[in-house]
Amino acid sequence: METETSTSEEHDKSTSNDSNGLGTIEQKIIALAQARPKGISDKDLVSEMPNLQPVQRAQIINKLLSQGYFDLFKHGGSLLYRLKDPSKTKIAKGADNEEKIVYSIIEEAGNKGIWIRDIRFKSNLMPIQLNKILKSLETKKFIKAVKSVAASKKKVYMLYNLEPDRSVTGGAWYQDQDFEAEFVDILNQQCFRFLEQKREEANKWDGGPIDARNIAFASSKEVWKFISDLGISKVKLSVEDLEMILNTLIYDGKVEKTLSSDGSNLYRSVQPLLTSPGLIKVPCGVCPVRKDCCDIGDVTPTKCQYIMEWMN
């Protein structure tokens, strides 16, 4: 009688739903799966909920599987139920098959995104149907469209919570797809000013020429801290961003680079023996999509407005 009463109580709890439509037993199973991210087995369920009847347990597990809460897989000859990622659960619960296919294609593209043409090719969906699905996923904030600097009239799609790759946005040197030439020039000048100050301080050193030369070097992290403290950038710059600027100074013959014992880059301003040729002052020196530049296509010197402005 006691067992029957307990079973009846478990059944009543399983049928009392919370605001998410899940009963108490379902919530317990999900909590158990959260505590064991590698997956739970039927033995685990029997051990944790011994009063739950096998038929009822199977019904609840099937319900959670159909609602997209769990992935089912085999491990060591036994079945395991592993809790899915919450964002994937949402798309599984609130989407039809076509939306799931499009979502998975976009998910595979990562933070570099994917063109609508490639989505259409992989999904075999008609343009009208695909546009409707993309609009639906955007409205639900599962995905987002991002303009790419590589092609001003095209957009790439990626998951909503991803930060676009710098090859898509152009990094810190682009704003609304426009190359910030003035901003780059200011950073160039300030980085050189910092290294010049280091060189002038080193020239006052009386400990010998080798020590003076070593003192004149500054790491890219030191330059980054100097620029950050100035507060001249509206965007958050990384050490790699500043190294791109420092590389343009190297191309201009104003700075030299060496490696420290720990492998980090060190920079020192130098007095150029010759004036820099104009060729190394072109915007290409700091262009993040220069590797995509060629004779044809959207990224080409003949269409680059920054080269035109530089030449004029």
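Guide: Partly exposed means a relative accessible area between the buried range, under 20%, and the exposed range, over 50%. Keep in mind that this is a predicted model.

Visitor: Okay, so why does L230 count as partly exposed?

Guide: Its relative accessibility is 33%, and partly exposed is what lies between under 20% and over 50%, so L230 fits that label. You'll find L230 in helix α12, residues 220–230. Together with I186 and I232, L230 forms a nonpolar patch on the surface, with about 200 Å² of accessible area together.

Visitor: How do you know that the span of helix α10 agrees with its 23 residues?

Guide: At 1.5 Å a residue, residues 181–203 should span 33 Å, and the end C-alpha atoms are 33 Å apart, so the two agree. The buried residues of α10 include F183, L187 and F194.

Visitor: What makes the pair of Y103 and F142 edge-to-face?

Guide: Edge-to-face needs planes over 60 degrees apart. Here the planes stand at 85°, with ring centres 6.2 Å apart, so the pair earns the name. Y103 sits in helix α6 and F142 in the loop between α8 and β4, 39 residues apart.

Visitor: Why is Y103 called buried?

Guide: Buried means under 20%, and Y103 has 6%, so Y103 is buried. F142, at 14%, counts as buried too.

Visitor: And what makes F194 and F226 a stacked pair?

Guide: Stacked means planes under 30 degrees apart; these are at 25°, with 4.7 Å centre to centre. F194 belongs to α10 and F226 to α12, so the pair ties together parts 32 residues apart in sequence. Both rings' residues, F194 and F226, are buried.

Notes: Residues are numbered from 1 along each chain as its sequence is written. This is a predicted model: local features need pLDDT of at least 70, side-chain atom pairs count only at pLDDT 80 or more; totals for chains, interfaces and linings use all residues. Side-chain values use heavy atoms; hydrogens and water are left out. Helices (H or I, at least four residues) and strands (E, at least two) are DSSP runs, numbered from the N terminus. The expected span of a helix is 1.5 Å times one less than its number of residues. Buried means under 20% relative accessible area, exposed over 50%, partly exposed in between (1.4 Å probe, protein chains only). Patches are made of residues with over 30% relative accessible area and no salt bridge: like charges are joined within 9 Å, nonpolar side chains (Val, Leu, Ile, Met, Phe, Trp, Tyr) within 5 Å. Accessible areas come from the Shrake-Rupley method with a 1.4 Å probe; for residues, only the protein chains shown count as cover. A salt bridge is a side-chain nitrogen of Lys or Arg within 4 Å of a carboxyl oxygen of Asp or Glu. Rings of Phe, Tyr and Trp (its six-membered ring) pair if their centres lie within 6.5 Å; planes under 30 degrees apart count as stacked, over 60 as edge-to-face and the rest as tilted.
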